Amino acid sequence: MTFRKFYTASSEEEAVRIRSESEGRVRFVAGCTDLLCEDDPGEIAIDVRRALDYLRRDGDDLVIGAATRVGAIDRWQEGADADDGLLRKCARDFASHQIRNMATVGGNLASAVPSADFAPPLLVLNSRCVIAGPSGRREVSLHEFFTGPHQSILGDDLLVEIRFKAPGKNITTDWRKIGRNPGDIASINAATLLEWDGSEVRLARIALGAVAPTPIHADEAEKIITGGTLSEDVKNRAAVAAQQAASPISDQRASAEYRAHMCGVLTKRMLGYCAEQRGGQ
Amino acid sequence: MILHLKLNGKPREFDVAPGERLSDVLRREQCFSVKVGCSTGDCGTCTVLVGGEPIVSCLMLACQAEGAEVLTVEGLGEPGRLDTLQESFLDEGAVQCGFCTPGMILSAHALLETNPSPTEDEAREALSGNLCRCTGYENPVRAILEAGRRMAGEES
Ligand SMILES: Cc1cc2nc3c(=O)[nH]c(=O)nc-3n(C[C@H](O)[C@H](O)[C@H](O)COP(=O)(O)OP(=O)(O)OC[C@H]3O[C@@H](n4cnc5c(N)ncnc54)[C@H](O)[C@@H]3O)c2cc1C
Ligand code: FES
Ligand code: FES
């Protein structure tokens with residue numbers, strides 16, 4: 001392996017332009033924590049960190065530049081205030097402190113592995129991806145971003161930023177990750193966001209990772225929860241629905257049976273936690 | 001490509017290939033404290049500080065460090081004039097084969113720079129990305145806490 005050319009792009013436009021003008025196997029590179037573990041990463045590297053490393057607010061939206069490092073998400077107070085600490089919790093369970101100083105949120109999504117830790121939290125925040133190519137920018141819901149293991153709709157395009165509308169105050173969120181140890185690649189990861197209206201759940205989102213070819217939503221479970229209180233019966237039915245949403249494989253990290261089973265268990269735990277945070281239903 | 005670094009406090013220029021990893025360039029330039037245990041980001045033996053933050057140099061392209069300040073253990077102390085952390089690692093018996101030691105010392109150095117009197121939990125957390133196959137973690141954790149105390153003493 002070895003790159004024969006290395007560029008640092010100072011803007012989104014420059015990154016896209018260098019890519020479209022380069023011949024050979026071109027890769028955008030950020031923290032390199034996935035890329036340099038590949039046997040043959042490519043011929044031409046375009047570093048996007050200088051151009052895409054930012055966190056900001058834009059009207060109602062919170063915006064995460066694709067090259068924002070995981071460690072910066074941990075320190076992002078405005079984000080934590082808006083999402084009830086969801087992304088921060090995810091960042092703290094991510095790899096080691098060295099990797100958190102390198103790995104980026106955009107690289108995590110662009111690699112499109114089913115276990116990508118940032119996928120479930122960003123899914124329940126209803127995020128959109130801003131993508132740039134030679135013909136300009138487009139915005140795609142994160143729900144449509146992943147198409148299979150290591151596959152996304154990105155193609156040769158650049159992931160510029162991730163945006164989500166800051167949720168209102170009446171939310172509770174939770175994050176869960178199961179691995180051999182907290183910093184390990186997840187055997188299963190999961191996120192929940194509930195929006196409340198008094199003691200009733202007005203809106204529910206549950207996303208699960210590493211239990212299907214792409215990160216998924218537990219649609220049926222979300223329907224069961226929406227529009228009522230979180231009784232024991234509702235939590236149990238939602239857990240069963242989440243388990244049925246999974247279509248996992250067995251690998252060295254966990255068996256398919258364990259993964260499916262834990263989708264139910266984690267869903268119930270997340271709902272229990274969210275209800276508790278809300279003040280016992 | 002010419003890479004400009006401030007390596008261990010001194011401005012330096014290196015001729016590097018676009019695909020070379022920072023760990024390989026540093027070792028070529030005689031920074032043998034940088035150990036390469038795995039090349040996949042898992043073990044932490046290649047830890048160096050870039051802009052004061054610990055990173056694993058096996059997963060950084062050398063070109064990505066352009067213009068940065070890089071610190072390796074060679075920049076801390078030298079025989080006969082060890083840095084406080086190096087001393088405390090010796091005094092606490094925190095070194096057996098020593099392969100993990102430079103990475104641990106740099107992770108600990110970054111911790112003490114921002115948090116001069118860490119708790120035991122914080123010291124453990126700071127070492128969580130540095131694997132040791134012989135000494136374990138008890139003695140290195142004690143060494144970090146001891147170094148913190150000694151540094152506080154030196155200052156007062
Ligand atoms: C020791 C170790 C522990 C890890 N632990 C975890 C963990 O706990 N959880 C987890 O989810 N992952 C983990 N990972 C995987 C990895 O760190 C993450 O997926 C990381 O977020 C990747 O980001 P990066 O910036 O390093 O990406 P890179 O390696 O630079 O790039 C990854 C891929 O994305 C593409 N890419 C990067 N940026 C863009 C962009 N802006 N637009 C288009 N394409 C782009 C690259 O071309 C490449 O295909 C771990 C990896 C290691 C080595
Ligand atoms: S050699 Fe870099 S982490 Fe192991
Ligand atoms: S002292 Fe040998 S690996 Fe830590």
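# Exercises on a two-chain model

Over all chains, the structure holds 39 salt bridges. The model is a predicted one. Each exercise below gives a task and then a worked solution.

## Exercise 1: a salt bridge between distant parts of chain A

Task: Find which residue meets Arg19(A) in a salt bridge, state where both partners lie, and classify Arg19(A) as buried or exposed.

Solution.

Step 1. The side chain of Arg19(A) meets that of Asp156(A), with N and O 3.2 Å apart.

Step 2. Arg19(A) belongs to helix H1 (residues 12-21) of chain A, while Asp156(A) sits in the loop between strand E9 (151-152) and strand E10 (158-165). The two are 137 residues apart, and the pair links distant parts of the chain.

Step 3. Buried means under 20% relative accessible area, and exposed means over 50%. Arg19(A) has 16% relative accessibility and therefore counts as buried. Asp156(A) has a relative accessible area of 55%, so this partner is exposed.

## Exercise 2: two more salt bridges and a network

Task: Determine how far apart the closest N and O atoms of Asp47(A) and Arg49(A) are, then examine the pair Glu139(A) and Arg128(A).

Solution.

Step 1. The closest N and O atoms of Asp47(A) and Arg49(A) are 3.0 Å apart, and the two residues form a salt bridge. Asp47(A) is buried, at 2% relative accessibility, whereas Arg49(A) is partly exposed at 24%.

Step 2. Glu139(A) and Arg128(A) meet through their side chains in a salt bridge of 2.9 Å, N to O. Glu139(A) lies in strand E7 (residues 136-141) and Arg128(A) in strand E6 of chain A, 11 residues apart.

Step 3. Both residues of this pair fall into the partly exposed class: Glu139(A) at 47% relative accessibility and Arg128(A) at 22%.

Step 4. The pair is part of a network of salt bridges that links Arg56(A), Asp58(A), Asp61(A), Arg128(A), Glu139(A), Glu161(A) and Arg163(A).

## Exercise 3: two residues in strands

Task: Say which strand holds Asn189(A) and which holds Ile131(A), and describe the surroundings of each residue.

Solution.

Step 1. Asn189(A) is in strand E12 (residues 188-197) of chain A. Its relative accessibility is 0%, so Asn189(A) counts as buried.

Step 2. The side chain of Asn189(A) reaches the backbone oxygen of Ser115(A) at 2.9 Å. Leaving out residues up to four places away in sequence, Asn189(A) touches several others, including Asp117(A), Trp175(A), Arg176(A) and Leu208(A).

Step 3. Ile131(A) is in strand E6 (residues 128-133) of chain A. At 0% relative accessibility, Ile131(A) is buried.

Step 4. With residues up to four places away again left out, the contacts of Ile131(A) include Val140(A), Phe145(A), Ile153(A), Leu154(A) and Leu159(A).

Step 5. Asn236(A) is 105 residues from Ile131(A) along the chain, and the C-alpha atoms of these two residues are separated by 39 Å.

## Exercise 4: the buried face of a helix

Task: Compare the span of helix H10 of chain A with the expected value, and find where around the helix axis its buried residues fall.

Solution.

Step 1. Helix H10 covers residues 232-245, 14 residues in total. From its first C-alpha to its last it reaches 20 Å, close to the 20 Å expected at 1.5 Å a residue.

Step 2. The buried residues of H10(A) are Val234(A), Lys235(A), Ala238(A), Ala239(A), Ala241(A) and Ala242(A).

Step 3. Seen down the axis of H10(A), these buried residues fall within an arc of 165 degrees, so they line one face of the helix.

Step 4. What covers them includes strand E13 (200-209), helix H9 (219-225) and helix H11 (256-278) of chain A.

## Exercise 5: the interface of chains A and B

Task: Describe how much area chain B and chain A bury between them, and which contacts cross the interface.

Solution.

Step 1. In chain B, 24 residues are in contact with 24 residues of chain A.

Step 2. The two chains bury about 1900 Å² between them, 59% of it on carbon and sulfur atoms. Leu59(B), Leu61(B) and Gln64(B) lose the most area in chain B, together 31% of what that side buries.

Step 3. The rule finds two salt bridges across the interface. The side chains of Glu125(B) and Arg100(A) meet in a salt bridge at 3.4 Å, N to O.

Step 4. Between chain B and chain A, 12 residue pairs are in polar contact. Strand E4 (53-56) and helix H4 (120-126) of chain B each give two or more residues to the side that touches chain A. The largest share, four residues, comes from E4(B).

Note on methods. Residues are numbered from 1 along each chain as its sequence is written. Chains are lettered from A and ligands numbered from 1 in the order in which they are written. This is a predicted model: local features need pLDDT of at least 70, side-chain atom pairs count only at pLDDT 80 or more; totals for chains, interfaces and linings use all residues. Side-chain values use heavy atoms; hydrogens and water are left out. The expected span of a helix is 1.5 Å times one less than its number of residues. Buried means under 20% relative accessible area, exposed over 50%, partly exposed in between (1.4 Å probe, protein chains only). The arc is that of the directions from the helix axis to the C-beta atoms. Contact means heavy atoms within 4.5 Å. Buried area is the accessible area (1.4 Å probe) that two parts lose on being put together, summed over both. A salt bridge is a side-chain nitrogen of Lys or Arg within 4 Å of a carboxyl oxygen of Asp or Glu. A polar contact is a pair of N or O atoms within 3.5 Å; within protein, one must be able to donate a hydrogen and the other to accept it, and residues adjacent in sequence count only if both atoms are side-chain atoms.
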